[in-house]
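Please work through the exercises below with the sequence and the model side by side. Each one sets a task and then gives a solution in steps.

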Amino acid sequence: MIVKRLLSVGISALLAAPAWAGRVPTITDHYEEPQERDWTRDPSKKHIPGLTAHLGDLIADRGPRQDDVPGVDHFVDGLQEALRKGSDVPRWKILQNAKDARDNLRDGYDELRKALEPLLEARRILREAGDVLVPAVQGESEDAGKVKESADSVKQAADPLETDPPEAKGPKADASASAGVKPRAKDLQPVAEQLARAAKELEKAKPWSQRAKQRVQAVEQLGKKAKELEEEVAAALGQRRTRGTPEDLSLPFNSEKVILNANKWLKEAAKRTEKLIERLEKETAPDEGLGKLNALALAADGKIISGKGAARRGATKVGGSAAKIKDVIRPEWDAADALPEPERDKAKREAVDKAVAEKTSADEAAKAATEAAEAADEAARAAEAQLSKAAQQLKKLEDELGPEPSEDLPDLPELMLDAPAPKMDAKAKGRNGQNPKVRSKPLRYPKVLDDAPDRVIGEYGEGSYGRSKSLR
């Protein structure tokens, strides 16, 4: 009863996909996104499209996030605004690195979308296969019961047959319970082709999934580079002008945190997409998932049809033996009473021998029918058990794929930088080796009243970051 309830409620609902309100419903729950999502919390981890949508927001969202890490574009916009007021090389490098990370994140987002497209098509095909498999397996469970009922009738008719004296007083063998059982092999025939089509869709998704996975590593490196660049800026800003004493500074921005926060969700979505493909592959394999279910359903169909034939033949044989014992052998046995000895004894023994032969033949036919019915029932139960397992696995796969993401996963625009690049004067170019014609000039140290030059150098230091303080 529990299994049937699972089949009728879980599996059929799992694999059926009626349209509602222009969207494809989920199995038992409706995935409804709230009108305003609170991105200060982690997004729902129920399905991969939701993670991908969150990644897209972390890339392109330009709005502020209360108590949360800002999106990449919001961070870039703020940095560009600061650079418009005054550009410098260190922050310009941070901006360029953030732009590179953003481009990679956007590419990873697109790769996830491209992986999801064939995965959703594979799900649609698997639902088609389920539309065939579910009623077939459920029907086989009923058919196996009908075959067993026919076999039981044959056995109940064969058991009461007696040989000495010959008697046939039992019920009539009746195999009509399985008369309506029809082969299902033709119904199951499309399933193998459907699973092969689904497997091809998975092959389309694989390279995009792998690219998204590799993209995570590229963004990880850009996050490390962001940290190095910011440490350089912090070290420069925190360097005191007096005797080189360092000062810890907390910068008002952190591109490393912004980049790695988005990359965390790219990594999570890529990992789950890869695992989803592996699990879907098992569903399409001949010896696992729906492939195994289809094989078991075909095997059960063969056993059921064989059991039906055995019951029909058994009913014919037992019915014939009962009729022969009743209408031929028993009258011969009764007629022997009128014969003198030893003819009487001989005639009765011959009648009993005939009855034994018919009884043996009837029992063998009943046994064959019973064994065939048991084999059919066992095969149907195996298919039903595999259907239950497939239901649980496909329910998880449905949860991973979630609702159709066509509206939730839009194209992300490219990011164009418009902040002014830092200007490099001739002296700076010369120091950088870009303009070797400009001769470098020796450093000049200010003289403070009567202080010696070595004290002045100690106070101000060579190559100090920023403008000099006024002389004391």
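**Exercise 1. Find where helix H7 is kinked, and check the length of this helix against its end-to-end distance.**

Solution. Begin with the bend, taken at a residue as the angle between axes fitted to the seven residues ending there and the seven starting there: H7 has a kink of about 40°, and the kink is centred on Ile-325. Next, take the limits of the helix, where helices are DSSP runs (H or I, at least four residues) numbered from the N terminus; H7 covers residues 289-335, which makes 47 residues. The expected span is 1.5 Å times one less than the number of residues, so H7 should span 69 Å, and the 66 Å between its end C-alpha atoms agrees with this.

The model is a predicted one, in which local features need pLDDT of at least 70 and side-chain atom pairs count only at pLDDT 80 or more, while totals for chains, interfaces and linings use all residues. Residues are numbered from 1 along each chain as its sequence is written, and side-chain values use heavy atoms, with hydrogens and water left out.

**Exercise 2. Describe the largest nonpolar core and say which helix gives the most to this core.**

Solution. A nonpolar core is a set of buried Ala, Val, Leu, Ile, Met, Phe, Trp, Tyr and Cys residues joined through side-chain atoms within 4.5 Å, and buried means under 20% relative accessible area, exposed over 50%, and partly exposed in between, with a 1.4 Å probe and protein chains only. The largest core has 68 residues, and Leu-55, Leu-105, Leu-119 and Leu-290 have the most contacts inside it. Among the elements that give two or more residues to this core are helix H4 (89-158), helix H5 (185-237) and H7. H4 gives the most, with 20 residues. To follow one of the central residues, note that Leu-290 touches Leu-126, Leu-133, Leu-195, Glu-283, Ala-390 and Leu-394, residues up to four places away in sequence not being counted, where contact means heavy atoms within 4.5 Å. A second, separate core of 19 residues includes Ala-157, Ala-158, Ala-175 and Trp-333.

**Exercise 3. For the salt bridges of Arg-102 and of Glu-128, decide whether the partners are buried or partly exposed.**

Solution. A salt bridge is a side-chain nitrogen of Lys or Arg within 4 Å of a carboxyl oxygen of Asp or Glu, and the structure holds 38 of them. Arg-102 is paired with Asp-73, with the closest N and O atoms 2.8 Å apart; Arg-102 lies in helix H4 and Asp-73 in helix H3, 29 residues apart. Arg-102 has a relative accessible area of 0% and is therefore buried, and Asp-73, at 0%, also counts as buried.

Glu-128 and Arg-197 meet at 3.7 Å, N to O. Because Glu-128 lies in helix H4 and Arg-197 in helix H5, this pair ties together parts that are 69 residues apart in sequence. Glu-128 is partly exposed at 25%, and Arg-197 is partly exposed at 29%. Both residues belong to a network of salt bridges that also links Glu-121, Arg-124 and Glu-193.

**Exercise 4. Establish whether Lys-359 is buried or exposed, and find which backbone oxygen its side chain reaches.**

Solution. Lys-359 is found in helix H8, and its relative accessible area of 15% makes this lysine buried. Its side chain reaches the backbone oxygen of Leu-161 at 3.3 Å. Apart from neighbours within four places in sequence, Lys-359 is in contact with Ala-158, Asp-159, Leu-161 and Thr-163.

Definitions and conventions: Polar contact = N/O pair within 3.5 Å; in protein donor to acceptor, adjacent residues only side chain to side chain.
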